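Q: Please take a close look at a single part of this structure, namely the sheet and what packs on it.

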Amino acid sequence: MTDHEFLAERFEAHRGHLRAVAYRMLGSLSEAEDAVQEAWLKLSRSDTTDVANLGGWLTTVVGRVCLDMLRSRTSRREDPLDVHAYTHVPDPVIGRADKADPEQQALLTDSVGLALLVVLETLPPAERLAFVLHDMFAVPFDDIAPVVERTPAATRQLASRARRRVQGARPPEADRGRQRQVVDAFLAASRGGDFDALLALLDPDVVLRADAGAVTPATAGTVFASRVVRGARTVVEQALTFSRFAPYARPALVNGALGLVTATGGQTYSVMDFTLRDGKIVEINILADRDRLSRLEVPALDG
């Protein structure tokens, strides 16, 4: 085995962990892959003879790459020419409801629902990095500090500010049986156009977030136009417009929790994620951006 092959083998042993870090940092599966590949290029060009903890070294490299990507993304969003800013839902990880996927389980080693990723999207890049690396992956502040160009004490404060914001994110209800009951009931009520049944499933302060991509004349006013809707009755009205698509919706795992994938004719039209609390739906996130959906891995789902 050559030195290059040996290095590649060592890198592959850490790839799953690095993807998990990058996904939490970026909320994008394709960008996470790009960040991991950039870490490999950095490794292949570096002298790591004196690196005692290669996994830790690679984690900070991926963190630095992701930080640069987030800063570039933030700069683009602040461009005054970007007048069609839209509601953003991070990339979901989709699996069959009846079968666990080991690779997906590795990517979602701790609970990382879309609701949490949505909150992470609101954090400044340095805060997001400090929180993800320290709170989710136990990287010491002394190792994070050089990446964000702060002292360890200041880096600790970044993570603390992020933690206060993230505490408001509602974790998905862990009871898979209860999840299935609520999702099945939502689907049945949507198919039947049953306003009262849908209303009974929702928390009064439920939030629905739909991401159909940049608003264009072709998408404006469509059922999945980009928007944020709050309040049970308003969300029910939005959900009822889904009724004509409901026959094509199938239960699936969305970031480890029960959700719905709408697909027909080999094309995926939407992925719907539910966050439950005390048996009620408190948040719904919908990705309906066809360009992004076409790049996701969506397994074949049973009828």
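A: What follows goes from the sheet to its helices and then to a single residue.

The model is a predicted one. Its open sheet has seven strands in the order β1-β4-β5-β6-β7-β2-β3, and the pairing is mixed. At the edges lie β1 (94-95) and β3 (227-230), each of which pairs on one side only. Within the sheet, strand β4 (residues 249-254) and strand β5 (residues 257-264) run antiparallel and are joined by six bridges; for Ala249, the bridge partner in β5 is Thr262.

Helix α5 packs on this sheet, where it touches β2 (202-211), β4, β6 and β7 (280-287), and its direction makes about 65 degrees with that of β7. This helix, spanning residues 114-121, is mostly covered, with eight of its eight residues buried: Leu114, Ala115, Leu116, Leu117, Val118, Val119, Leu120 and Glu121. A further helix, α9 (residues 176-192), lies across β4, β5, β6 and β7, and runs at about 35 degrees to β5.

Strand β6, which is among the strands touched by α5 and crossed by α9, covers residues 267-277 and holds Thr268. Thr268 counts as buried because its relative accessibility is 15%, and the cut-off for that term is under 20%. Leaving aside residues up to four places away in sequence, Thr268 touches Val261, Thr262, Ala263, Leu293 and Val298. One of these contacts, Thr262, is also the β5 residue that serves as bridge partner of Ala249.

Key
Residues are numbered from 1 along each chain as its sequence is written. This is a predicted model: local features need pLDDT of at least 70, side-chain atom pairs count only at pLDDT 80 or more; totals for chains, interfaces and linings use all residues. Side-chain values use heavy atoms; hydrogens and water are left out. Helices (H or I, at least four residues) and strands (E, at least two) are DSSP runs, numbered from the N terminus. Buried means under 20% relative accessible area, exposed over 50%, partly exposed in between (1.4 Å probe, protein chains only). Contact means heavy atoms within 4.5 Å. Two strands pair if DSSP finds at least two bridges between them. Axes are lines fitted to C-alpha atoms, for helices over the stretch in contact, and angles run from 0 to 180 degrees between N-to-C directions.
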